[in-house]
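Student: I have a two-chain model on screen and want to learn how to read it. Can we go through it feature by feature?

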Amino acid sequence: MRLIFKILGCLVIGAALGLGATWLAVSRMNLGAVSDGPWTMSLLTGSSQSGPYLRANIALHGLLALNRSETVYYTADHDSAGEWLDGNCIYRLEGREPSARWWSITAYGPDDYLMANKYNLWSISGETVQLKSDSTFAITVSKHRAPTNWIPVTRGRFSLTLRLYNPGAGVVDDPANAMVPTIKRVVCVS
Amino acid sequence: MRRALLWIAAALAVAAVVHYFTLTATPGFIMNKVMMKMGPVNEIHHMDRVTAASRGVVRPSPDLLYSVCPFDLSKGALHVTAKVPVGTYWSVSIFDADTNNFFVKNDRQVKGSIDLMVMLPMTDVKMPANSRQVLSPSAKGLVLFRTLIADENGFAALDAVRRTARCDLVRPVATR
């Protein structure tokens, strides 16, 4: 009887350790990632890499995403100062139009889906952005409405995805130096 | 002491086996879950426009129209046809059962329309004259069409073009 308990204990502890290691590997590790300021992108997204760790990572972090010669995806969940993006704060994204046929910046809630808002507005793209006379842009990300170039968010953590469709050769070759926008926290309100 | 070390070693061995099998099963598990959400296999599904209520795949783009075709090639090949819209980004991409993207073409590479026959190696089907053969590494997978809504005023026309996409099962010659 004692031996049976020992075997069961061994199996339960082993299974728990194995499942925990898998959870850590697929949720915490971001293999093949490079950073450009607060933005992170995976060099492996959309690629057919071998090896169970890489495959699991791509399935989790880049599901149905295209390879980087077709589309480059940058994600930010921190601002340029390294603070978590928080819907109670106002952010200013500043930069130039990225080198791509088409681009967009979209906000997502902590569940990785779009956040509900009465304006049905979730992104700013190369088609909708209003550029300044020097061809730069400033985008406001906040829960309160801004007059132009506004991406609404709701309170709590959120993240941003910058998509570059048919990116320029420089971005494909060196995605860590793609001149992506800065993310500055302006002020936090309660 | 030696017995205790043996039990620890046994638990670690169980952990290694469980870790390996759960890790290798993760891509297939995720893809299977997504395919089940999309609808019946070997049919095209034109997804509604992405909103905050959309729960198909994480981090969808609200600027794109998605059409998907989950497939199962165990009973034949998948004939994929679509008109390619003019003046906006469009792509067709194909993913295998482990979520690998093994085929992609965009509107700059394909003009007018696209005609693909997605099949497993050794599948014997009658190929339409202008169809391109695409070999799939797995029986199950997913075809995904992306169409960029570049201009809201042209939405209706764009939606009409993307709804020309079709996915049809073509049974092998010998079993028809």
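Student: Let me start with one residue pair. Which residue stands opposite B:Leu116 in β6(B)?

Tutor: One caution first: this is a predicted model. As for the pair, strands of a sheet pair through backbone hydrogen bonds, either parallel or antiparallel. Here B:Val80 stands opposite B:Leu116. B:Val80's strand is β3, residues 77-83 of chain B, and β3(B) pairs with β6(B) in the antiparallel sense over 6 bridges.

Student: What does β6(B) pair with in the parallel sense?

Tutor: With β7(B). Strand β6, residues 113-119 of chain B, runs parallel to β7(B), and 4 bridges join them. Take two of the partners. B:Val118 has B:Val134 as its bridge partner in β7(B). B:Met119 is matched with B:Leu135 there.

Student: In what order do the strands of this sheet lie?

Tutor: The order is β7-β6-β3-β9 in chain B. These 4 strands form an open sheet, and the pairing is mixed. Now look for the edges. They are β7 (132-135) and β9 (166-170) of chain B, each of which pairs on one side only. From one strand to the next, the twist averages 25 degrees.

Student: How many residues of β6(B) are buried?

Tutor: 5 of its 7 residues are buried, so the strand counts as mostly covered, taking 20 or more other C-beta atoms within 10 Å as the cut-off for a buried residue.

Student: Where do nonpolar residues gather?

Tutor: The general idea comes first. In soluble globular proteins, nonpolar side chains tend to be buried together. In this model the largest nonpolar core has 74 residues. The members that touch the most others are A:Ala107, B:Val118 and B:Val143. Strand β2 (residues 64-72) of chain B gives this core its largest share, 6 residues.

Student: Which residues is A:Ala107 in contact with, leaving aside its neighbours within four places in sequence?

Tutor: The contacts are A:Met115, A:Trp122, A:Val141, A:Ile151, A:Val153, A:Phe158 and A:Leu160. There is also a second, separate core of 6 residues. Among its members are A:Leu44, A:Ala56, A:Ala59 and B:Leu23.

Student: Now a single residue. Is A:Ile183 buried or exposed?

Tutor: Count the C-beta atoms around it. A:Ile183 has 24 others within 10 Å, so A:Ile183 is buried. Its place is in strand β10 (residues 182-188) of chain A. Set aside neighbours within four places in sequence, and A:Ile183 is in contact with A:Pro38, A:Ala76, A:Asp79, A:Ser80, A:Tyr91 and A:Leu93. A:Arg55 gives a sense of scale. A:Arg55 and A:Ile183 are 128 residues apart along the chain, and their C-alpha atoms are separated by 31 Å.

Student: How do I read the interface between the chains?

Tutor: The size of an interface is often given as the accessible area lost when the parts come together. Here we have residue counts instead. 46 residues of chain A are in contact with 43 residues of chain B. On the chain A side, α1 (2-27), α2 (52-61), β5 (100-108), β6 (123-125) and β9 (159-167) each supply at least two residues.

Student: Which element of chain A gives the most to that side?

Tutor: That is α1(A), with 13 residues. By class, the side of chain A that touches chain B has 26 nonpolar, 13 polar and 7 charged residues.

Student: What does the secondary structure of each chain come to?

Tutor: Chain A comes to 3 helices and 10 strands. Its pattern along the sequence is α-β-β-α-β-β-β-β-β-β-β-α-β. Chain B comes to 2 helices and 9 strands. There the pattern is α-β-β-β-β-β-β-β-β-α-β.

Student: And the overall dimensions?

Tutor: Compare the radius of gyration with that of a compact globule. For 190 residues the globule would be near 16 Å, but chain A has 20 Å. For 176 residues the globule value is again near 16 Å, but chain B has 21 Å. Along its principal axes, chain A's C-alpha trace spans about 80 × 45 × 30 Å. Chain B's C-alpha atoms fill a box of roughly 75 × 45 × 25 Å.

Student: What percentage of each chain is buried?

Tutor: In chain A, 36% of the 190 residues count as buried. In chain B, buried residues make up 38% of the 176.

Definitions and conventions. Residues are numbered from 1 along each chain as its sequence is written. Chains are lettered from A and ligands numbered from 1 in the order in which they are written. This is a predicted model: local features need pLDDT of at least 70, side-chain atom pairs count only at pLDDT 80 or more; totals for chains, interfaces and linings use all residues. Two residues are in contact if their C-beta atoms, placed from the backbone, lie within 7 Å. Ala, Val, Leu, Ile, Met, Phe, Trp, Tyr, Cys and Pro count as nonpolar, Asp, Glu, Lys and Arg as charged, and the others, Gly among them, as polar. A residue is buried if 20 or more other C-beta atoms lie within 10 Å of its own, exposed if 12 or fewer, and partly exposed in between; C-beta atoms are placed from the backbone. Two strands pair if DSSP finds at least two bridges between them. Axes are lines fitted to C-alpha atoms, for helices over the stretch in contact, and angles run from 0 to 180 degrees between N-to-C directions. The radius of gyration is taken over C-alpha atoms; the globule rule is 2.2 Å times the number of residues to the power 0.38. A nonpolar core is a set of buried Ala, Val, Leu, Ile, Met, Phe, Trp, Tyr and Cys residues joined through C-beta atoms within 7 Å.
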